Amino acid sequence: MKVLLLFLTLWVGLGTWGLSPVSAADGKLAGKKIVLIPLDSRPVNTEYITMLGEISGTSVVYPKEGMDEYKRSADYPKIKAFLMRELPKADAVFICVPQWLNGSLIEGRHTMSYILNGHRLDDLKSILSAYKDKKVYLIGLIPREKPSYAGAAFSYATELTQYGRKYAQYMLSKTEVSRNYMLYFLRKLESSIPSMYVKDYLRLFNENARVLYILSDWAKAGLVDEVVIGTDDTSDIGLPKLNEWRIRQYCREQGIRNVHIMTGADDITALLLARYKNEVTGSASRYDITFSHEGLKGKIKAYDGQPLNEVIRDKIAFVQPEEPVNSVPASLSLYIHSHEESIEKLKRWIHENPGRVRGVADVSYAGFLDTVWMENYLRQQLSREIDSFAAWNTSGNTLGLLVAHMEMIRDQPTWNTAHEKWLTLRYAEDYYYNVIKRYEFAMRYPSTMELSPNEEEALMKEVETQTNKFLTPLSLATRRDGHQESVPVPIRVEKAALPWHRIFEIRYIWR
């Protein structure tokens with residue numbers, strides 16, 4: 001109970017802290033340089049972002065040395081030297097705070113990374129103060145609900161997650177009866193978890209909240225232009241949600257409007273790039289959204305922490321510019337496949353939305369592994385008529401990547417090879433690898449957290465060959481000289497690798 005009382009005091013202390021009418025080729029965006037400190041070293045946070053930038057003629061550069069590598073945190077002096085070297089030449093700067101402060105997304109799940117590296121925020125403030133003319137965007141992150149796989153506390157992941165949820169309910173209780181009810185469960189759970197793990201779990205979110213308050217203050221003071229905060233693998237109640245609630249409340253009280261919070265993590269940088277593009281060009285968009293099952297749009301899917309329709313609403317709202325130059329927004333059509341259905345429903349939707357940029361988000365796999373719908377999609381060559389596609393990951397990440405890509409292509413008069421490469425990657429990675437091969441590998445190996453070199457080499461040889469076979473009959477939707485076209489996949493896999501030697505991500509090298 002002493003642990004509980006200690007952190008109740010800390011939390012109370014925290015609560016007082018304070019085809020559209022516009023073309024991106026009009027000279028406003030092409031040639032811009034964005035300097036990026038990525039969330040971590042995986043392709044989704046590095047190579048994907050450069051690819052999206054290439055669609056609009058924007059150069060995105062990030063450190064090639066000193067980046068994190070799964071259990072190895074980033075080399076801070078090298079990351080800092082990169083920023084100091086590139087910042088003077090940048091049109092905009094995107095800094096993912098977990099990489100800068102903690103050493104990576106994963107290190108941001110460890111309490112000591114906040115405590116030992118606190119001086120890095122002072123360094124960043126000093127650096128940015130000398131470049132007030134630069135457009136600076138910060139990406140913060142609220143840690144995921146489960147404790148880190150790499151820590152001993154993970155053996156109590158279920159109990160700690162339950163503890164965090166009851167703790168959040170206690171903190172948000174409005175009556176004494178409710179508080180006492182939650183205290184009863186907290187005491188019971190404390191008796192089943194070593195106190196050092198409870199203490200560290202609570203302290204992690206305390207330290208994270210402290211950093212997010214600092215970032216919010218920087219946004220208010222004008223040191224940075226925008227702060228966007230992702231909620232990584234969250235639920236509708238728990239310590240991540242409690243941090244989110246506190247930061248939202250603080251920003252309301254302080255009148256801070258340039259801090260944004262949304263579900264997701266791996267999609268946030270891509271969305272920020274789309275927002276920057278729209279700010280520069282002054283162009284906005286309007287989405288017509290179709291849910292495959294209307295009853296599921298209010299469902300909270302795994303790791304999202306909010307209903308599906310709210311997830312997509314927040315991401316679309318975020319990428320819109322503050323002051324659109326054009327009074328007529330671009331019209332985009334988005335189809336969200338979330339459950340079993342006939343492919344005929346999608347085909348009708350395609351024909352009902354002619355002449356628009358059409359995107360399909362497949363968020364069904366978070367709930368069940370059913371490939372029939374996608375097999376019909378490919379067999380009937382619907383990829384020829386769908387301009388943007390994303391699937392597999394959490395609903396938040398899937399929707400975020402889809403929206404980011406749709407924003408990047410919607411006002412390109414001539415869609416380029418970067419778009420075609422992006423779309424190829426989505427089919428190869430989101431569907432073929434993550435749905436087919438990753439599931440196979442998970443069944444084949446008892447441990448998928450880190451494969452041996454021999455295991456990885458054998459699997460990747462298989463993936464290289466089979467991915468190319470999968471891509472051979474595929475055609476993609478693109479536009480050239482303003483006309484819709486269908487083109488064969490322009491690239492093939494030269495090499496496949498596992499970025500962190502785990503089956504959870506794939507990196508393709510193309511030829």
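I take buried to mean under 20% relative accessible area, exposed over 50%, and partly exposed in between. The model I am reading is predicted.

**Entry 1: two residues with positive phi**

I looked up Gln381 first. Gln381 sits in the loop that runs between α14 and β10 (388-391). The relative accessibility of Gln381 is 33%, so I enter this residue as partly exposed. Its phi is positive, about 55 degrees, although Gln381 is not a glycine.

I then turned to Tyr303, in the loop between β7 (285-291) and α12 (308-318). Tyr303 also has a positive phi, near 75 degrees, and is a residue other than glycine. With a relative accessible area of 43%, Tyr303 is partly exposed.

**Entry 2: Met374**

I went to helix α14 (residues 372-379), where Met374 is placed. Is Met374 buried or exposed? I read 0% relative accessibility for Met374, and therefore count this residue as buried. I left aside the neighbours within four places in sequence and found Met374 in contact with Tyr365, Phe389, Tyr427 and Tyr431. I also checked a distance to Arg356, which is 18 residues from Met374 along the chain: the two C-alpha atoms are separated by 22 Å.

**Entry 3: helix α16 and Leu425**

Helix α16 covers residues 417-444 and has a kink of about 50 degrees. I place the centre of the kink on Tyr433. Of the 28 residues in α16, 20 are buried, and I note the helix as mostly covered.

Within α16 I picked out Leu425. Leu425 has a relative accessible area of 4% and is buried. Which residues does Leu425 contact, leaving aside its neighbours within four places in sequence? I list Tyr48, Met51, Asp430, Tyr508 and Trp510. I also looked up the pair Leu425 and Ile491, which are 66 residues apart along the chain. Their C-alpha atoms are separated by 9.7 Å.

**Entry 4: Arg502**

I found Arg502 in the loop between β13 (493-497) and β14 (507-510). Is Arg502 buried or exposed? Arg502 has a relative accessible area of 7%, so I enter this residue as buried. Not counting residues up to four places away in sequence, Arg502 touches Tyr70, Thr448, Met449 and Glu450. I also took the C-alpha to C-alpha distance from Arg502 to Ser447, and it is 9.2 Å. In sequence Arg502 and Ser447 are 55 residues apart.

**Entry 5: α11 against α15**

I compared the axes of helix α11 (residues 268-281) and helix α15 (residues 395-409), which come within 8 Å and cross at roughly 25 degrees. Angles under 35 degrees count as roughly parallel. α11 and α15 are therefore roughly parallel to each other. I note the crossing of α11 and α15 as left-handed.

Which residues of α11 and α15 meet? On the α11 side I list Ala270, Leu271, Leu273, Ala274, Lys277 and Asn278. On the α15 side I list Gly400, Leu401, Val403, Ala404, Glu407 and Met408. I sorted the residues of this contact between α11 and α15 into eight nonpolar, two polar and two charged.

I also looked up Ser395, which lies in α15. The relative accessibility of Ser395 is 1%, so this residue counts as buried. Ser395 touches Lys301, Asp304, Leu308 and Val363, and I did not count residues up to four places away in sequence.

**Entry 6: α7 against α9**

I took helix α7 (residues 157-172) and helix α9 (residues 195-221) next, and their axes come within 11 Å and cross at roughly 55 degrees. That angle makes α7 oblique to α9. I note the crossing of α7 and α9 as right-handed.

What does α7 bring to the contact with α9? I list Leu160, Thr161, Tyr163, Gly164 and Tyr167 in α7, and these meet Tyr197, Val198, Tyr201 and Leu202 in α9. I sorted the residues of the contact of α7 with α9 into seven nonpolar and two polar, with no charged residue.

Terms used. Residues numbered from 1 in each chain as written. Predicted model: local features only at pLDDT ≥ 70, side-chain atom pairs only at ≥ 80, totals over all residues. Heavy atoms only, no water. Axes fitted to C-alpha atoms, helices over the stretch in contact; angles between N-to-C directions. Helix = DSSP H or I, 4+ residues; strand = E, 2+ residues; numbered from the N terminus. Parallel < 35°, antiparallel > 145°, perpendicular 65-115°, else oblique. Left-handed = near helix turned anticlockwise from the far one by under 90°. Contact = heavy atoms within 4.5 Å. Nonpolar A, V, L, I, M, F, W, Y, C, P; charged D, E, K, R; others polar. Bend = angle between axes of the 7 residues up to and from the residue. Buried < 20%, exposed > 50% of the residue type's maximum accessible area, 1.4 Å probe, protein only.
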